[in-house]
Amino acid sequence: MSTIIRILDLAREYRMGDERIYALRGVTLDIRRNEYVAIMGPSGSGKSTMMNLLGCLDTPTAGEYWLNGEEVSRLSDDALARVRNREIGFVFQTFNLLPRATALQNVELPLVYAGVRARDRRDRAVAALERVGLGHRLEHRPNELSGGQRQRVAIARALVNQPSILLADEPTGNLDSVTSEEIMRVFADLHAAGQTVIMVTHESDIAAHAERAVVLRDGRVESDRLTRGAAA
Amino acid sequence: MRPLEAVRMALRTIRAQKLKSFFSLIGVLIGVTFLIAVVSIVQGMNRYMVERFANTLVGANTFELRQRPSITTGEVSDSVELEWRRRPRISYADADYVRARLTTPATFAKFCEDRVSVHYEGKVAKDIFLAGTDADYFAIRNYEITAGRAFTEQEVQTAQPVLVIGSELAEKLLPNVDPVGKTVQIGGLPYRVIGVVAKQGTLFGLSLDKFAVMPFSAQGRRLICPINILDALIVRTDNPTTMQRAMDETEALMRARRGLKPWQPNNFHFETAEGALGTWKKISRILFLALPGLVAISLVVGGIVIMNIMLMAVSERTREIGIRKALGARRRDILAQFVVESATLSGAGALLGIGFGLGLAFVVKAVTPLPAAVAPWSMLVGVALGVSVGIAAGVYPATRASRLDPIVALRAE
């Protein structure tokens with residue numbers, strides 16, 4: 001299987017006054033197409049920084065990041081925006097839906113920035129919502145939806161542009177255990193359909209849904225192994 | 001992102017926050033209201049002055065040869081007043097002299113006027129303008145006779161005591177009777193009413209129908225002018241060109257007749273509709289000069305208000321900006337979104353302002369005798385100004401929004 005992400009000696013440091021904080025101290029990692037990877041680690045391990053770098057929201061201070069064959073670690077703001085739009089689908093812990101927009105409008109948003117025409121946009125957004133089982137909730141606003149439904153809208157939004165990777169940041173952090181299982185089933189289905197999924201989490205039972213777990217500690221990879229779920 | 005998308009987004013946001021949006025665009029609204037209302041009222045006033053004031057007092061294609069201006073607006077200095085008084089008055093002979101020598105075809109009327117009381121069977125009508133004039137006066141003034149007839153040249157030559165009266169005088173003094181044939185008294189002398197003039201309406205709320213016209217030769221002329229003296233010789237031609245020519249000719253004739261040397265100024269005066277508008281034109285010019293200032297001040301204030309509202313919106317919607325950026329919005333997309341939102345907000349203010357301005361103009365029209373003439377250009381200017389102010393006010397907040405770091409923005413509350 002082909003490599004979709006290649007990270008070479010990736011480092012990120014922050015300056016706080018005179019002090020330098022090393023959030024990532026050289027991480028090397030390959031993720032293949034259609035892998036389902038959990039990135040784990042305690043707080044302060046650098047997993048948020050990792051998530052921001054993988055999501056092209058931030059750029060590294062050293063190292064290389066190849067995403068779908070393109071070196072993206074030195075791109076300009078607008079070029080990164082294009083990469084985020086085309087290659088990455090975000091799912092956040094707090095859903096991050098626009099509160100005043102309907103489910104459909106929320107899902108259409110990445111297509112708006114991709115310059116897709118209104119009619120095509122609607123068709124594709126409806127298809128994405130149907131894929132996550134929300135074909136009957138198109139005109140509902142986020143506050144009219146349950147937590148699980150909101151996260152499904154967010155997943156539909158992440159998928160609508162057919163990104164290379166689905167990047168989920170603690171996707172079940174704001175959900176109860178029943179709903180969490182539900183969302184994990186959606187992820188499993190997407191993975192089964194060929195979607196590359198990267199999930200950042202600190203919960204090991206959620207990480208267990210992935211087939212591979214990368215554990216970070218102090219800005220370095222501590223372990224990188226297949227999970228029990230993958231072995232089964 | 002497509003441009004229309006930004007407008008749609010902006011309208012959605014504005015609709016979601018109606019009250020806040022309304023307050024934020026009040027400045028622009030007031031500015032544009034000002035613009036529309038002032039322009040409408042001044043233009044209406046202008047038209048009123050031209051159509052009613054000037055043409056009622058003097059008339060189109062008409063000039064009056066007078067000793068001194070009869071319509072003065074504003075202060076007249078003592079020295080000017082003294083000079084006016086020293087001028088010789090216009091005599092019958094002056095009028096006949098000009099009339100006999102003017103080559104431009106024209107209609108003439110000797111004219112004298114003063115306020116008198118008119119009596120009929122114990123009733124009295126005060127403050128009636130009594131004009132002593134020629135038979136052609138009715139044609140010059142475009143007076144339509146609704147009952148009876150005007151007097152003739154013959155009646156002028158034979159100094160008949162006949163009277164043509166205004167409609168209000170007819171209604172007040174001779175109600176419920178046919179005024180034609182009735183005899184009224186002016187200054188103790190009897191006059192026979194032979195005609196009634198059609199209603200002329202009002203000027204600044206004053207009736208234009210409280211008048212009476214008699215032959216200038218009639219017995220009562222001493223009530224209004226000394227013998228052989230006229231207030232004016234009224235001359236009317238067909239069009240503005242011939243009027244100017246007639247006026248130039250008259251000027252030359254009068255200067256020659258009075259033996260004025262080339263360096264001496266005229267010791268007589270021409271009253272024209274144009275001239276009567278002089279002061280008003282000065283006033284309206286000042287209003288039009290002051291208008292941009294007034295409008296500019298409210299638009300600047302409106303722009304500052306909108307800029308603050310937009311800055312608040314950017315900080316309130318930091319998270320939304322983060323989300324949009326995460327989903328692929330470029331800097332220019334965010335910039336466009338907020339600039340368009342600001343321009344749409346301000347443009348909506350301008351549209352409301354146009355509505356308010358028109359409303360104001362029509363209220364003025366309804367409660368005063370002034371008409372409101374809505375100038376289409378002022379509406380275009382209003383919208384253009386509103387949108388420009390919105391764009392100008394939106395650029396800074398939008399730039400700030402577009403430069404937000406998506407990571408920081410996503411973490412915002």
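**Notebook: strand 1, helix 9 and an aromatic pair in chain B**

I began with strand 1 of chain B (residues 62-66), where five of the five residues are buried, so the strand is largely enclosed by the rest of the structure. I note at the outset that this is a predicted model.

I then looked at the two faces of the strand separately, since side chains in a regular strand alternate between the two faces of the sheet. On one side I found T62(B), E64(B) and R66(B), on the other F63(B) and L65(B), and these residues are all buried, which leaves both faces of strand 1 of chain B covered.

Which strands are joined to strand 1 of chain B? I found five bridges to strand 13 of chain B (residues 232-236), with the two strands running antiparallel, and four bridges to strand 14 of chain B (residues 269-272), again in an antiparallel arrangement. I followed F63(B) into both partners: it stands opposite V235(B) in strand 13 of chain B, and its bridge partner in strand 14 of chain B is T272(B).

I turned next to helix 9 of chain B, residues 240-257, whose 18 residues reach 25 Å from the first C-alpha to the last, close to the 26 Å expected at 1.5 Å a residue. I listed its buried residues, among them M243(B), A246(B), M247(B), L253(B) and M254(B), together with the polar or charged T242(B), E249(B), T250(B) and R255(B). When I asked what covers these buried residues, I found that the cover includes strand 1, strand 2 (90-91), helix 5 (92-101) and strand 14 of chain B.

I also checked the ends of helix 9 of chain B. At the N-terminal end N239(B) acts as the cap, with a side-chain oxygen 3.0 Å from the backbone nitrogen of T241(B), while just after the helix G259(B) takes a positive phi of about 65°.

For the aromatic rings, I recorded a count of eleven aromatic pairs over all chains. I examined one of them, F111(B) with Y137(B), which is stacked, at 5.4 Å centre to centre and 20° between the planes. F111(B) belongs to strand 3 of chain B (residues 107-120) and Y137(B) to helix 6 of chain B (residues 137-140), so the pair ties together parts that are 26 residues apart in sequence. I found both F111(B) and Y137(B) buried, and I noted that they form one aromatic cluster with F138(B), Y143(B), F151(B) and F211(B).

Finally, I looked for charges over rings: R141(B) lies over the face of F111(B), at 6.0 Å from the ring centre, and R257(B) lies over the face of Y97(B), at 4.7 Å from the ring centre.

Terms used
Residues are numbered from 1 along each chain as its sequence is written. Chains are lettered from A and ligands numbered from 1 in the order in which they are written. This is a predicted model: local features need pLDDT of at least 70, side-chain atom pairs count only at pLDDT 80 or more; totals for chains, interfaces and linings use all residues. Side-chain values use heavy atoms; hydrogens and water are left out. Buried means under 20% relative accessible area, exposed over 50%, partly exposed in between (1.4 Å probe, protein chains only). Two strands pair if DSSP finds at least two bridges between them. The expected span of a helix is 1.5 Å times one less than its number of residues. Contact means heavy atoms within 4.5 Å. A polar contact is a pair of N or O atoms within 3.5 Å; within protein, one must be able to donate a hydrogen and the other to accept it, and residues adjacent in sequence count only if both atoms are side-chain atoms. Rings of Phe, Tyr and Trp (its six-membered ring) pair if their centres lie within 6.5 Å; planes under 30 degrees apart count as stacked, over 60 as edge-to-face and the rest as tilted. A charge sits over a ring if NZ of Lys or CZ of Arg is within 6 Å of the ring centre and within 35 degrees of the ring normal.
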